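Thank you all for coming; I would like to walk you through one structure this morning, going slowly for those who have not met it before. Please bring it up on your screens while I begin.

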Amino acid sequence: MILCLETATNLCSVALCDRNGVVVSRESSDTKSHASLLTVFVLEALSEAGIKAGDLEAVAVSKGPGSYTGLRIGVSTSKGISFAASIPLIGIDTTFSMFCGMRAQHDKDSDVLYCPVLDAGRMEVYYAIYDCEGNTVKETGAEIIDENSFRDVLAEKHLFIFGTGASKLKSVLTDPRIIIEENFRLSASHLRKPAFKALEKRKFEDVAYFEPLYLKDFIATKSKKSILGI
């Protein structure tokens, strides 16, 4: 089994998976719940399955981009499990995990490109583009979206946009070749297929040096007290 952790957004999600599907899952969308719930969910999942961390084949984590705090908690937790249990650590791009989740739900035609997007504030999103086979058309990056975005890929394909940043793009992306899905939900279960592929290829992270894919520097929010000089 592989233990999968998803903390790139407000969702705190844990899925214990085998090669056939999800065995146990735990999720919460409560804001800022990662620190208090992630390890609880991990222990509950292992207990329900009747196994210990050392029985796992690997631990997999959604490595970003996404929420700075969420990613930091997810990656540090997965590194701790990997080190303590002496099992491999697998990092999966959050955008590719999203692609895998959406591809399983919607079998689009080959002329459609998949564009998972994560909210990065205002009109900026983190996104990547994949074809229907999961091949990378555009690497994960951060970009401010306007009405001229994606014109290069729309010359030959339709674009299927989904994720936490999808709804805010609806007002600026009016091209009929763009399909926007607003109800897609991230889940640790989406890590299952890419994690087992990484396990087969022995594509593991170095626990000592592995870091989340932040893409942008963390900017601390100043308290109102400091702003007012109190």
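How much accessible surface does the protein have, and what percentage of that surface belongs to carbon and sulfur atoms? Keeping in mind that this is a predicted model, the accessible surface comes to about 11,900 Å², and 48% of it belongs to carbon and sulfur atoms.

Let me turn to the overall build. The protein has six helices and ten strands, and its C-alpha atoms fill a box of roughly 60 × 50 × 30 Å along the principal axes. For 230 residues, a compact globule would have a radius of gyration near 17 Å, and the protein, at 18 Å, agrees with that. Of those 230 residues, 49% count as buried, and among the contacts with a separation of 6 or more, 62% are between residues 24 or more positions apart.

As for charge, there are 27 positive and 30 negative side chains, with the centres of the two sets lying 5 Å apart.

Now to the interior. The largest nonpolar core has 21 residues, and those with the most contacts inside it are Leu 3, Leu 5, Val 14, Val 42 and Val 59. Two or more residues of this core come from each of β1 (2–6), β2 (12–18), α1 (34–49), β4 (58–62) and α2 (68–85), with α1 giving the largest share, five residues.

If we take Val 14 and leave aside its neighbours within four places in sequence, its contacts include Leu 3, Leu 5, Leu 38, Phe 41, Val 42 and Ala 188.

Notes:
Residues numbered from 1 in each chain as written. Predicted model: local features only at pLDDT ≥ 70, side-chain atom pairs only at ≥ 80, totals over all residues. Heavy atoms only, no water. Helix = DSSP H or I, 4+ residues; strand = E, 2+ residues; numbered from the N terminus. Rg over C-alpha atoms; globule rule 2.2 N^0.38 Å. Buried < 20%, exposed > 50% of the residue type's maximum accessible area, 1.4 Å probe, protein only. Contact = heavy atoms within 4.5 Å. Areas by Shrake-Rupley, 256 points an atom, 1.4 Å probe, with all protein chains shown as cover. Lys, Arg positive; Asp, Glu negative; His and termini not counted. Charge placed at Lys NZ, Arg CZ, Asp CG, Glu CD. Core = buried A, V, L, I, M, F, W, Y, C linked by side-chain atoms within 4.5 Å.
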